[in-house]
Amino acid sequence: MGYIIRRILIAIPTLFIVVTIAFVMIRVAPGDPAEARLGDYATKEAVEALQEEMGLNVPIWLQYLRFLKGLLQGNFGRSILNGKPISNDLKTAIPYSLELMFTGIVFGVLLGIPLGIYTALRRNALPDYMGRAFSLIGLSFPSFYLGILLLLVFAIKLHLFPVVGGGDLHNLGDNLSHLFLPAFTLGLIMTAYITRVTRSSILEVLNEDYVRTARSKGLRERIVIYKHVLKNALLPVTSLVGVYSIVLIGGSIMVEIVFSRPGVGKMMIGAMKQRDYTTLQAVVAVYASFVVILNLLTDLIYGVIDPRIKRGR
Amino acid sequence: MLRVSKLTLFVGILVVMMFGLIAQPVLGKDQVLKIALDAADLNVIHPHFANNTQDRAVVHLIFNGLVRYKTGDISEFEPDLAKSWEVSKDGTVWTFHLRHGVMVHPWNGHPGYELTSEDVVYSLRGSADPAQSAWSGEYAGMTFKAVDRYTVKITLEKPVSPSLFLPKVADYAGGLITPKKAAEDLGEDFRIHPVGTGPFIFKKYTPMSKVVVVRNEKYFRGAPKLAGVEVLYMPDMSSRKFGLQSKELDVIEGPPSQPWVEEMKALPGVKVDVFGPGEGAVLHFNMTKKPFDDIRVRRATCYALTRDEVVTTIGKDVADPMYSMVPPVLAGGLTREELVERGQQDGKDYLYATDRKKAKELLAKAGFPDGFSTDIYMSERGEYLLPIQNVVAQLGRCGIDVKLHIVDHATYHHNMRADMNSIDLYNCWRPTADVFLTHFYLSDSGVVTGESPVTNFSHIGQVDANGDGTIDSVDDLIKAARKELDAAKQAELWKEAQLKAQDWAVSYATHIKKFTFARRDYVDWGYELRSTLILSPQINELTTISK
């Protein structure tokens with residue numbers, strides 16, 4: 001329990017620093033959102049009135065305090081571009097982003113770990129070379145490019161999946177049909193990472209003395225692999241899955257754009273294009289929370305798998 | 001080990017089957033038109049604040065004006081909510097007679113009601129209020145009165161010509177009529193739940209995804225043939241193209257790019273619409289910055305350029321050369337032929353046909369025999385970058401070395417308005433010659449230093465433009481044109497203002513960039529699409545899908 005509390009206490013200042021940096025950087029960028037919202041026809045009085053309405057006429061420290069107060073109350077405020085409550089948009093967007101990231105990770109783990117094991121156990125044979133080549137390609141492909149390729153093949157040529165949108169979250173079939181290709185895009189990149197890490201981790205463990213001892217005791221190869229190799233090799237894989245999942249969050253932004261999914265990434269790009277300060281702050285805070293929570297979960301899972309971590313050894 | 005490989009195979013097949021079997025093909029309903037725009041989300045769909053393409057595309061489905069631009073052709077006005085109108089002899093009182101039986105859309109359980117003069121007056125007063133409208137300046141000095149249930153009287157402080165007045169009450173921006181009861185009932189929510197009288201009724205907005213509207217069975221021009229329209233927000237060009245190919249989308253917005261037009265034309269079952277009015281691109285020379293304070297340098301810069309080369313760079317299908325500040329499609333615009341003819345009459349060169357020898361001579365006379373170098377900040381967007389790169393290359397041939405600093409679009413806007421550039425390239429459309437000239441040539445509109453800064457980047461009217469030691473301005477011509485009621489005389493004043501500015505070489509129009517959309521060939525707009533102020537195709541009661 002102490003371990004969990006310690007991890008949570010470390011996460012809070014991290015989150016605070018990230019949202020503060022986001023707040024400052026967004027305001028340092030040039031461009032007046034009031035002018036942008038009203039356009040060239042607006043009178044000076046109209047621009048000033050809107051600046052007041054948006055709370056942009058007060059000192060930046062006061063804007064920051066208001067922002068923090070709202071954040072602590074779970075209130076992200078309203079979009080300065082259209083006055084819509086940001087929380088409403090986030091409620092719509094977060095499920096689309098979470099399901100994409102989660103499914104991408106699941107794809108990556110389900111495909112990457114078996115593939116890593118398979119290639120490691122066939123070191124320097126054809127499957128190993130193929131696995132390594134696949135992994136290299138996966139690591140080299142930008143997510144948006146891979147997404148476009150998959151769309152071209154599976155949606156345009158084979159007509160297996162739809163192209164547009166994120167589907168209806170309340171309609172399982174519709175939702176899954178829209179989810180498969182974007183999640184598979186992220187999953188393939190994740191698979192490439194995990195395959196490489198799993199393979200090298202297993203190869204390292206295979207050279208350990210206790211594996212040699214197990215084999216010399218006459219244990220069957222399957223028992224050696226499952227009981228002695230996998231158990232130890234998968235420990236570093238667990239923590240690296242956490243790290244790569246954070247990379248995947250970044251990749252998910254471009255995937256949401258390519259597949260026009262109404263997620264947080266698309267929300268962020270729209271806010272950036274239109275200098276929507278308040279929405280951008282909220283989105284950065286959400287992404288920072290994703291990263292912090294993922295880190296926290298990784299630490300906790302790692303602690304469960306390897307109790308030595310919890311004991312601080 | 002064999003089991004491991006089997007496990008991989010099994011898991012893979014299982015996952016694909018899970019998605020593949022449960023997945024259902026998503027087929028659009030046949031009579032719902034799906035149009036995808038190049039935007040991540042809508043901004044606001046209150047007509048008096050909607051000022052970009054993604055918002056206007058929705059607003060136009062829902063609202064009407066007292067009059068309207070002829071569908072597909074902005075050169076004419078025709079009745080809309082008003083069946084007729086007249087103007088007093090002194091040009092200060094406009095009286096509009098409303099159609100009977102125009103029904104306001106139902107909203108939130110309210111069944112809707114008949115639109116009357118009370119709604120029109122409420123809406124126009126809102127348009128004139130800076131707190132309720134982005135276009136309040138356009139309605140300054142107007143008073144609105146409901147004479148009876150179907151008659152609205154608008155009184156102006158000063159008379160203006162029909163070509164300047166009618167756009168204010170047309171189906172564009174502040175002229176779109178917001179029904180009183182619905183606007184008051186919905187309050188702030190009206191911005192994202194619009195209620196109007198147009199061919200389609202707002203149904204649903206899904207953030208970052210789409211707006212859905214459905215057929216208005218009680219539309220006064222007759223129920224639309226489409227069951228509804230879905231306006232989707234898709235910022236990725238490839239996704240829009242794939243959506244069109246897979247027929248999940250019926251219409252998509254394209255970039256103003258020749259290769260894109262050609263790519264779309266090559267797709268089976270796809271048609272391309274390239275339409276106006278387009279956005280005029282003009283180079284503005286900042287006369288407060290050296291060496292552009294010297295008329296010889298500005299003229300040399302003009303002579304160093306070839307419009308055709310800029311147009312070829314952008315693409316012959318998507319751009320046309322433009323020769324002065326106001327595009328020739330508008331009253332007061334100048335064509336190439338007019339500039340040549342007027343130049344011959346006045347013994348001046350208004351056209352600045354390419355003459356690099358002359359450009360170098362002028363530079364030498366101005367003290368720059370080896371040319372000079374200058375820095376400009378430019379937007380990263382293709383519609384700016386492509387032409388400016390060509391301009392820079394052309395100027396380089398005459399020794400004018402322009403160092404281009406590429407910045408994001410918002411920074412570019414900020415830097416221009418902070419008067420940081422020596423040359424500004426600005427793409428835009430304005431509905432009348434008066435707005436064009438007021439924004440770009442009126443002294444009050446000078447960026448930073450003007451009384452009410454807009455986009456006068458050259459500072460014409462604030463500085464000595466022709467080198468005679470006095471301040472040169474076209475303010476009097478712009479203001480006189482505004483008061484002129486005779487259309488021909490008014491157009492002549494606008495042309496005079498531009499000819500003076502051309503003579504002083506304060507700016508150099510390069511091209512007009514058109515708008516590009518692709519559609520499946522089963523979509524019929526129901527009218528000829530030549531130009532539209534909403535910058536995307538108008539979808540109305542005549543539009544059909546015949547799959």
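**View 1. The overall build of chain B in this predicted model.** Chain B has 547 residues, and a compact globule with that many would have a radius of gyration near 24 Å; chain B comes to 26 Å, which agrees. Measuring tape in mind, picture a C-alpha trace that spans about 85 × 80 × 35 Å along its principal axes. Of the 547 residues here, 51% count as buried.

**View 2. Helices, strands and contacts within chain B.** As you trace chain B, you will meet 16 helices and 19 strands. Take the contacts between residues at least 6 apart in sequence: 68% of these in chain B join residues at least 24 apart.

**View 3. Where chain A touches chain B.** Here 55 residues from chain A meet 53 residues from chain B. On the side of chain A, the elements that give two or more residues are helix 3 (44–54), helix 5 (86–121), helix 7 (143–157), helix 8 (172–206), helix 10 (221–258) and helix 11 (264–273). Which of them gives the largest share? Helix 5 of chain A does, with 11 residues. By residue type, the side of chain A that touches chain B divides into 34 nonpolar, 12 polar and 9 charged residues.

**View 4. A closer look at A:K44.** You can find A:K44 in helix 3 of chain A. Is A:K44 buried or exposed? A:K44 counts as exposed because 12 C-beta neighbours lie inside 10 Å, and a residue with 12 or fewer is classed that way. For a sense of distance, look across to A:L176, 132 residues apart from A:K44 along the chain: the C-alpha atoms of the two are separated by 50 Å.

Note on methods. Residues numbered from 1 in each chain as written. Chains lettered and ligands numbered in written order. Predicted model: local features only at pLDDT ≥ 70, side-chain atom pairs only at ≥ 80, totals over all residues. Contact = placed C-beta atoms within 7 Å. Helix = DSSP H or I, 4+ residues; strand = E, 2+ residues; numbered from the N terminus. Nonpolar A, V, L, I, M, F, W, Y, C, P; charged D, E, K, R; others polar. Buried ≥ 20, exposed ≤ 12 C-beta atoms within 10 Å, placed from the backbone. Rg over C-alpha atoms; globule rule 2.2 N^0.38 Å.
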